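Dear colleague,

Please find below the structure that I am handing over to you. My notes on two of its residues follow.

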Amino acid sequence: MRLKTMGIVSSLALATGMAAPAYAQDDAGAAAADSGRNVEIVVTAEFRETNVQDTPLAITAVSSEMLEARGQTNISDVARQAPNVTLAAQNQEYGSGMIAYIRGIGQNDPNFALEPGVGIYIDDVYLPTLTGSLLDLMDVDRIEVLRGPQGTLAGRNSIGGSIKIYSQKPRGDNSGSFEVTYGSYNRLDARGLVDIGLSDTLAMRLSGVSRNEDGYIKRLDYALTHPGSNVKTRAIGDDPVLGTLGGKSTVAGKIALRWEPSPFVEVNLSADYTRERSESGVATLLYANALGGINNDPTRPWETGIDGSAVPYNCMFVPYGVNSCDTQTAYDGRYITYSTFQGPEYHDSQSPYLSTFVPHQDLDNYGVALTIDINLADNLALKSISSWREYTSDWAYDVDGAPHGVNPLNQTQENEQISQELRLSGQLADDLIDFTVGGFYFETDGFYTARVNIPYGGLDFIHGPDPTPSENKALFANVTVNLTPDFHITGGIRQSWDRKDYEYLRRNPDLSAIEGPCNFFLGVPGLAGPTDIGNQPNCLLFGVNGTTATFENSQTDWRIAVDYRFTEEFMMYGQVATGYRAGGFNARPYFPSQATAHTPETITSYEVGFKSDLFDRRLRLNAAGFYFDYNDIVLLSNYCADLEPLGQATPCLRPTNVGSAEVKGIEIEASIFPVDNLTIDGSLSYLDFQYTEIDELAGTGVALDDITPYTPEWQYSFGIQYDVPDVMGGDLSFRFDGIYQSEIYTEAGNVDARIIPSDVMTTNDPTSPYVDLSQNGGGGPIQDLVVTNRIEGYFLANAKVGWKSLDDDWGVSLEVQNLFDKYYITTIANDAAGVGHVYGSPGKPRTWAVTVKKSF
């Protein structure tokens, strides 16, 4: 029979003997590591505690010891050791959150109108948005990365997989720890926790973290760094450094209570709060090519020079790379920008508003969770998971890399959610059957507000606050039949019901109503378009204000899995599973007719794999191969063909169900103890994503041979650690970690190397390769400029040396991240057609940090 538990304090019957319950795995894991063997990690992916090696799923399970050994303090760091998983910080445009992709499926736009493709959970509480999901790993017991659709086990929006973070529970042992870290860019971190026994039945655990770090991208004043140029200064005084980007300032705290009034009842109550007051995210300019005038009118310039003439937007502002003609040499061009966070200086009757923003990235994220476990009988248990959470995220972005104010925005997202889940688990027929049945309810109210200034499009308006209430209800069941102690069949089903509403609110920046229709559409002579002088400000959006949209859907997901343990060392499994990403809306319509819903994406996945612990558990080798059909893929349409009869097919930026794909891949994970005190771990993955259908009329710019974003074909990681015992009254450890990913594209429409002349002119000729460009070229000494959204493959290395006293009272470590000082880009946004620029987010250069820890 597979390893399972029903009681609150569980007895884990493992082949190697008895292991501790989940909340005592630290001691068990440490003991196993000391013995030179792979540890047993308990997971709850199938609603009950099982050894990860007995669970017929592709799971990367990371314990707290692994996190500490690798120096990982952020959820995106963990992804680097998991095959076919990409987690990265959002680019500056999307604020405090992350980009999440598993097996080629994910999402990078955090707008409430859209849904993520990877489910994020903390202590089984679902986080519905990418905003606020780039989590600091505070007081974590373990992390489970489940790859492949989790439609029955997790529900909606886990179509690519799910990431589940589990916190340490209070033990009441009066223990604690405090650690301080200092490092590059004035990094200063402090972490502490204390675990107190309040009575024989009640324990409390307090934990907190503070993180502060300077930014590593310098914002420079162009005029002071380029004496004699025609560009006006924005500096106060003689210092050319206006500020930095990427600086972090975060404080977080959590209180957890654990009450065990009887041997049959356990109550866990927790409350947490995170406060971030950081700088805007990192961004540097990679390509600039625009004349710099509203509607390409040189008399309406984005930026005027000292002599009053228009300043072109071109290679002079690109600080590094093939598209750069920047002449400054005093600063490292890879890590600078000339952004000012100010809108364009020019104003007229059609664009009368001013905009200046303070670079910031703020987040207040807090919530309460209550979990109650009740053993109703020896073979029957009830679990209740209740939660309330709320966050407010506010951030500014200015990614033009120049004083022009091409596209500065300030955005705010507010979200409040409640959820309730009930699970009844038990065994039937003398443990022949393990089952879990349950229900789930989730409700969220989201509001999105933005000051949107896009002078290249002749628009400057208030977007929102757009209310987006949504609701999800589900009933589910998971049953395992234990045909023999080694042979099991598992079936699962979940029925989900979704509803989402959206209201579009649009106003002028002075909060006045947008007037319309545009004089251009009314036939007023002498107007070149709806944003030309002579129209009402923002009249192109007239009619959108007050428009509403509703989406409703029901979805059935199922899973069938078979596993057989051939020996104590080797198990094989196979499964077929489905999943879905909930539908949504077009968050950015130009006409009310474009405020339409899209239906859910769906997937059917076929997977086989094996899990093994060989050579007396000195070698753990797990592998999985998968294939899935991915249908109703949502891509961004630039042409709303169905609205052609209304004359509203363009402009268009509408998410639409237009594609399908086949995806296949392999994943291998290994952990080796070749000799005492030496540990080697690693992973390898391959993924082949192939579109099979794309609606050609949708104008997505995506070709059948394109690759889904943030999905490398190959990934690998490895770690080597050697421990030297009895050094100065403790143990000394040396660790080296390496990760590699092959090239990726950051957008659905892949662009390898598009050549655009710096003197290009806009055209309506459909045969021209430049028909999609909306900006005339900005000129400059480089004739042919290169546009791409491809990030080349790269290898990163980290190293760490640590010492820990024999009684674990004291510890000290030195770590170096990006050991070889590799310059690499984490995200690229290609807006060469609309704005005339491309920007990217460079990763950090080499950094170091020293940590001192005291435990008691």
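To begin with a question: does Lys254 count as buried or exposed? The model is a predicted one, and in it Lys254 has a relative accessibility of 15%. Buried means under 20% relative accessible area, so Lys254 counts as buried.

Lys254 belongs to strand 18, which covers residues 248-262. Its side chain forms a polar contact with the side chain of Asp123, at 3.4 Å. Leaving aside residues up to four places away in sequence, Lys254 touches Asp123, Met138, Ser167, Arg205, Leu206, Ser207, Ser270, Ala271 and Asp272.

The second residue is Thr225, which is located in helix 4 (residues 222-225). Thr225 counts as buried because its relative accessibility is 17%.

Which backbone oxygen does the side chain of Thr225 reach at 2.9 Å? That oxygen belongs to Asp221. In addition, a polar atom of the Thr225 side chain lies 3.2 Å from the backbone oxygen of Tyr222.

When residues up to four places away in sequence are not counted, Thr225 touches Leu220, Pro240, Gln328, Tyr331 and Tyr338. As for a residue farther along the chain, Thr225 and Ile744 are 519 residues apart in sequence, and a distance of 34 Å separates their C-alpha atoms.

I would suggest viewing Lys254 together with Asp123, its polar contact partner, and then Thr225 together with the backbone oxygens of Asp221 and Tyr222.

With kind regards

Terms used. Residues are numbered from 1 along each chain as its sequence is written. This is a predicted model: local features need pLDDT of at least 70, side-chain atom pairs count only at pLDDT 80 or more; totals for chains, interfaces and linings use all residues. Side-chain values use heavy atoms; hydrogens and water are left out. Helices (H or I, at least four residues) and strands (E, at least two) are DSSP runs, numbered from the N terminus. Buried means under 20% relative accessible area, exposed over 50%, partly exposed in between (1.4 Å probe, protein chains only). A polar contact is a pair of N or O atoms within 3.5 Å; within protein, one must be able to donate a hydrogen and the other to accept it, and residues adjacent in sequence count only if both atoms are side-chain atoms. Contact means heavy atoms within 4.5 Å.
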